[in-house]
Amino acid sequence: MSQPAPLAAAPAFDEAWFAARAQPGVQRLKAYDPGHDLVALRRQYGEAHLVELGSNENPYGPSPAARAAILDSLHALHRYPDPLGGDLKRALARTHGVEVGQILLGNGSHELLMQLGQVFAGPGEEVVFSRYGFAVFALSTQAAGARMRIVEALPREAAMPCGHDLDAIAAAVGADTKLVYVANPNNPTGTWFGRDALVAFLDKIPAHVIVVMDEAYAEMADAPDYASALSVLDRYPNVAVTRTFSKAYGLAGLRVGYLIAQPGLIAVMDRLRESFNVNGPALAACEAALGDEDHLRWACARNAEQRSALAEALARRGLRVFPSQTNFVLVEFGARTPQVEAALVARGVILRPMGGYGLADCIRISVGSADENRRLLAALDEVLA
Ligand SMILES: *Cc1c(COP(=O)(O)O)cnc(C)c1O
């Protein structure tokens with residue numbers, strides 16, 4: 001008689017056990033790190049006592065017209081939203097001077113960036129982006145099972161410290177490259193490049209490689225040389241531009257972004273879109289926000305004003321502040337960074353630590369309102385004393 005087989009150890013059914021069953025791209029994936037648990041911190045400190053400058057939100061909020069549109073939409077909560085988002089797309093088409101067929105709406109541009117990877121890259125293929133590029137580029141590439149080709153950024157000593165090395169990015173494009181992600185301006189560095197650099201870069205990318213230009217902060221860029229890739233879309237049919245209502249429009253809570261590209265690219269992306277991916281109140285609010293250009297201009301002007309005031313105030317304290325065309329600044333604190341960060345959290349000031357980006361000696365600080373920036377600087381003076 002044969003021996004009974006030994007009992008196998010019961011599996012733990014833990015994350016590792018399930019990860020081993022996931023598709024290869026997901027096995028090595030690390031979930032998006034949102035920074036601090038803000039809900040817990042709000043409970044601990046009370047919302048009014050927190051200075052939340054960790055997520056690049058717009059401190060002024062959206063156009064009042066967006067709030068009114070949401071209230072107006074509430075009678076229809078039992079209805080599915082327009083799956084085509086037709087009204088918002090027509091408003092966007094007018095705003096940007098493109099065809100309705102060139103626009104795809106997303107549940108935040110995060111969703112669109114993820115979907116671009118899923119649609120255009122796969123196992124055995126490569127996606128190129130810069131070191132210190134937006135975190136979602138790596139997530140999207142890995143989730144698609146494609147290889148990441150991370151290109152070294154410009155050195156800290158460069159005029160645009162840690163900015164995109166566009167020549168090196170173009171040179172990294174090879175036979176397996178399907179997609180290139182470039183954020184302009186970039187998060188978390190705040191850096192940007194101008195129109196000549198953009199055109200020289202796009203000239204070097206073969207037409208069969210899709211270039212995704214993430215322009216989440218484009219509305220806030222006021223450098224004279226800055227140009228959105230939307231201005232050269234006609235010349236480069238392989239370019240796709242993502243925008244968002246989360247930053248300049250002050251609607252991060254609603255989760256709406258959009259993609260502008262060739263109608264053919266949009267049609268292929270649409271095959272994988274979840275049918276009702278943008279909710280009804282969000283569609284209504286974004287359309288209303290788009291119609292209130294004065295509010296957008298006002299919020300961007302306040303941001304530009306506060307951005308230079310904050311950058312100067314930080315520089316006066318002997319800190320190195322990276323140039324920025326966004327609503328945040330990257331600031332070098334050196335070896336004391338973790339202590340500074342922790343001491344600020346203890347004072348209710350929430351910033352974004354940068355260890356996950358490989359910038360452990362820096363902290364990213366969103367530009368707040370004048371009052372928030374004052375409270376940040378007061379806390380910082382205590383901490384640095
Ligand atoms: C904030 C941000 C986004 C926008 O994300 P949403 O999903 O639209 O809120 C996209 N790209 C970059 C670089 C960002 O910083």
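**Exercise 1. Classify the burial of Tyr-217, then of its ring partner.**

Step 1. Tyr-217 has a relative accessibility of 2%, so Tyr-217 counts as buried. The model is a predicted one. The cut-off for buried is under 20% relative accessible area.

Step 2. Take the partner ring, Phe-328. Its relative accessible area is 0%, so Phe-328 is buried.

Step 3. Now the geometry. The ring centres of Tyr-217 and Phe-328 lie 5.3 Å apart, with the planes at 75 degrees. Planes over 60 degrees apart count as edge-to-face. The Tyr-217 and Phe-328 pair is therefore edge-to-face.

Step 4. Place the two residues along the chain. Tyr-217 belongs to the loop between strand 6 (210–214) and strand 7 (239–244). Phe-328 belongs to strand 10 (residues 328–332). They are 111 residues apart, and the pair links distant parts of the chain.

**Exercise 2. Find the charged group over Phe-328 and trace its strand.**

Step 1. The charged end of Arg-364 sits over the Phe-328 ring, 5.6 Å from the ring centre.

Step 2. Arg-364 lies in strand 13, where it is the bridge partner of Arg-352. Strand 12 and strand 13 (residues 362–366) run antiparallel and are joined by two bridges.

Step 3. Read off the sheet. Its four strands have the order 9-10-13-12, the sheet is open, and the pairing is antiparallel. Strand 9 (320–321) and strand 12 (352–353) are the edges, each pairing on one side only.

**Exercise 3. Survey the other aromatic contacts.**

Step 1. Start with the total: 11 aromatic pairs. One of them joins Phe-13 and Phe-18, at 6.5 Å centre to centre and 40 degrees between the planes; this pair is tilted.

Step 2. Check exposure. Phe-18 has a relative accessible area of 47%, so Phe-18 is partly exposed.

Step 3. Look for a cluster. Phe-129, Phe-134, Phe-137 and Tyr-181 form one.

Step 4. Look for a charge over a ring. Arg-21 lies over the face of Trp-17, 3.8 Å from the ring centre.

**Exercise 4. Describe the setting of Ser-109.**

Step 1. Ser-109 is part of helix 6 (residues 108–120).

Step 2. Its relative accessible area is 10%, so Ser-109 is buried.

Step 3. List contacts, leaving out residues up to four places away in sequence. Ser-109 touches Thr-242, Arg-243, Thr-244 and Gly-257.

Step 4. Add the annotation. An unreviewed UniProt entry places "domain: Aminotransferase class I/classII large" at residues 49–380. Over residues 49–380 the chain is 38% helix and 16% strand. The end C-alpha atoms there are 15 Å apart.

Technical notes
Residues are numbered from 1 along each chain as its sequence is written. This is a predicted model: local features need pLDDT of at least 70, side-chain atom pairs count only at pLDDT 80 or more; totals for chains, interfaces and linings use all residues. Side-chain values use heavy atoms; hydrogens and water are left out. Rings of Phe, Tyr and Trp (its six-membered ring) pair if their centres lie within 6.5 Å; planes under 30 degrees apart count as stacked, over 60 as edge-to-face and the rest as tilted. Buried means under 20% relative accessible area, exposed over 50%, partly exposed in between (1.4 Å probe, protein chains only). A charge sits over a ring if NZ of Lys or CZ of Arg is within 6 Å of the ring centre and within 35 degrees of the ring normal. UniProt positions are given in the numbering used here, feature names are shortened, and annotations may be inferred rather than shown by experiment. Contact means heavy atoms within 4.5 Å. Two strands pair if DSSP finds at least two bridges between them.
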